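Student: I should be grateful for a close look at one part of this protein, with its surroundings explained step by step. Please begin with a single side chain and work outwards from there.

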Amino acid sequence: MHKARFTLDPAFTVGEVNPRLFGSFVEHLGRCVYTGIFEPDHPTADDKGLRRDVLDLVRELGVTAVRYPGGNFVSGYRWEDSVGPAEERPRRLDLAWHSTESNRFGLSEYIDFLRKIGPQAEPMMAVNLGTRGVAEALELQEYANHTEGTALSDLRVTHGDKDPFGIRLWCLGNEMDGPWQTGHKTAEEYGRVAAETARAMRQMDPGVELVACGSSSQSMPTFAEWEATVLQETYDLVDYISLHAYYWPENGDIDSFLASAVDMESFIDNVVATADHVGAKLKSKKRINLSFDEWNVWYLPEWEAHAKTFEQDDWPEAPRLLEDNYSVTDAVVFGSLLIALLRHADRVTVACLAQLVNVIAPIMTEPGGPAWRQTTFFPFAQAARYGRGQVLDVRVDSPTYETKKFGETDLLHATAVRAEDGTVTVFAVNRSRTESLPLEVALNGLDLSSVVEHSALADADPDARNTLDDPERVAPHTVDGTALQDGTLSAVLEPLSWNVIRLA
């Protein structure tokens, strides 16, 4: 067996991990909200209708920023429908997901949800630039953030929220490059309205942080040209450009699927290059960072096939949509995507796992029943807990394998994070489906003497899953034999595995 190797040295770092890298996403889609985080009749529901069992799992997951209310949903969103007495809120048709929206869960409930997760949970609010524009964005901002003494801030107070919501991070629309988006625009059209909205929101509060819509994927025909045009209009007005990416085994090609992070890292590098090119053209000293505010494994072709079966006159409320059940293979790819984000922590300073509950999510629920962890829950929770600090520069020397989509690809995908107390956590994926991968890591200038833990997510059955009937089928296990001696870490990574090695 050929070894994989890399060297860690505190003199060579990528950057500090922003806590927002471990964000997530709650959209009014399927059962993410209703019977997901919000189910007033559930046995565990609190006085506001939030499921306590789900809140416990969200805290365990370690989620920080939570993007809301969409997603495609936001392009038809009327924020004023979601405030005030719940029984008086109007029911609306949601064009994005061919559903009926009751608005029983709205803006105040979202803020209450975040507060109950804990102080680390930060709102990330999207404004509707599909069917609405500058005026409505300003109204929402005033209602949410102004203290009191104006019509909209006083309206919030009469609705029972005396304290402003303090939303700092705002998305200027969603996927406006996509023809599927209600109110889809060209790059020129969107760039103009995003600039107008950004300018106006900064007049109300110069301290807001704003995310301009980038491409919905690297495969979009307008990719890069879209970013360049939008940033030409907005460069001095926004702080981030967004990226969205979903991965699945196309035509059953598992080997390429396992290498999905190759595409993610390429996507990040190309957006950075485009943004920096625009900055250079404008002779700006400002640097635009990246908000990877939708990412996940998503079996998209299954959704597209299902969408074709919709009855035009059937507009269900909170239907079961996009409830992918994730395997061990999916979790290993998912972990590799987390590694890709950490490896670019110098520029990716916001990221949102899409989504949080039930909809392509790490947490699943049954109405009136239990909540449980999917296989993807574990890599996220471990990265959110141990991936805090300085990302060390990892350059692997690895055996390779051949993929149809990406050509020759490293079997090892890895990164490492050094915490403030000097401890180091190595995150590593072995992409081989059949062979263990010996790993050797040279530790230079690091005062480390022991292996605290080596945890792996792997299984003899790569299709093993956690389900309602067997919710604990898959979980990380301890790996024996990993050693640190004379400044060298030695380990063996099981086939098709996500690994967390903690050193002190």
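Is Leu 356 buried or exposed, and what is its relative accessible area?

Tutor: The model is a predicted one. In it, Leu 356 has a relative accessible area of 0%. Buried means under 20%, so Leu 356 counts as buried. Its place in the chain is a loop, the one that leads from β12 (348-354) to β13 (363-365).

The contacts of Leu 356 show what surrounds this residue. With neighbours within four places in sequence set aside, Leu 356 is in contact with Ser 24, Phe 25 and Val 26, with Val 58, Leu 61 and Val 63, with Phe 113, and with Ala 361, Pro 362 and Ile 363. Two of these partners, Val 58 and Leu 61, are among the buried residues of helix α1 (residues 52-61). The other buried residues of α1 are Asp 53, Val 54, Leu 55 and Leu 57. The cover over the buried residues of α1 includes α2 (107-117), β13, β14 (371-373) and α11. After α1 comes Gly 62, which has a positive phi, near 90°.

Helix α11, part of that cover, leads to a helix pair. The axes of α10 (residues 328-343) and α11 (residues 377-386) come within 8 Å and cross at roughly 25°. Angles under 35 degrees count as roughly parallel, and the two helices are therefore roughly parallel to each other. Their crossing is right-handed. On the α10 side, Ala 331, Phe 334, Gly 335 and Leu 338 take part, and they meet Pro 379, Phe 380 and Ala 383 of α11. Sorted by class, this contact has six nonpolar residues, one polar residue and no charged residues.

The strand before the loop of Leu 356 is β12, and β12 belongs to a closed barrel. Eight strands make up this barrel, in the order β3-β4-β7-β8-β9-β10-β11-β12, and their pairing is parallel. From one strand to the next, the twist averages 30°. As one example of the pairing, β8 (residues 169-172) and β9 (residues 209-212) run parallel and are joined by four bridges. Within that pair, Cys 171 stands opposite Val 211 in β9. Helix α8 (residues 260-281) packs on the sheet and touches β10 (240-247), β11 (289-297) and β12. The direction of α8 makes about 160° with that of β10.

Val 500 serves as a reference point elsewhere in the chain. Leu 356 and Val 500 are 144 residues apart in sequence, and their C-alpha atoms are 22 Å apart in space. Val 500, in β25, is the bridge partner of Ser 455. The strands concerned are β21 (residues 451-457) and β25 (residues 497-503), which pair in the antiparallel sense over six bridges. β21 is also joined by two bridges to β22 (residues 477-478), again antiparallel, and there Ala 456 has His 477 as its bridge partner.

An open sheet completes the picture. Its four strands follow the order β1-β20-β24-β23, with mixed pairing. β1 (4-8) and β23 (483-485) stand at the edges with a single partner strand each, so one side of each is left without a neighbour in the sheet. The twist averages 20° from one strand to the next. Between β20 (residues 437-443) and β24 (residues 488-493), which run antiparallel, there are six bridges; Ala 442 has Thr 488 in β24 as its bridge partner.

Terms used:
Residues are numbered from 1 along each chain as its sequence is written. This is a predicted model: local features need pLDDT of at least 70, side-chain atom pairs count only at pLDDT 80 or more; totals for chains, interfaces and linings use all residues. Side-chain values use heavy atoms; hydrogens and water are left out. Buried means under 20% relative accessible area, exposed over 50%, partly exposed in between (1.4 Å probe, protein chains only). Contact means heavy atoms within 4.5 Å. Two strands pair if DSSP finds at least two bridges between them. Axes are lines fitted to C-alpha atoms, for helices over the stretch in contact, and angles run from 0 to 180 degrees between N-to-C directions. Angles under 35 degrees count as roughly parallel, over 145 as roughly antiparallel, 65 to 115 as roughly perpendicular and the rest as oblique. A crossing is left-handed if the near helix is turned anticlockwise from the far one by less than a right angle, and right-handed if clockwise. Ala, Val, Leu, Ile, Met, Phe, Trp, Tyr, Cys and Pro count as nonpolar, Asp, Glu, Lys and Arg as charged, and the others, Gly among them, as polar.
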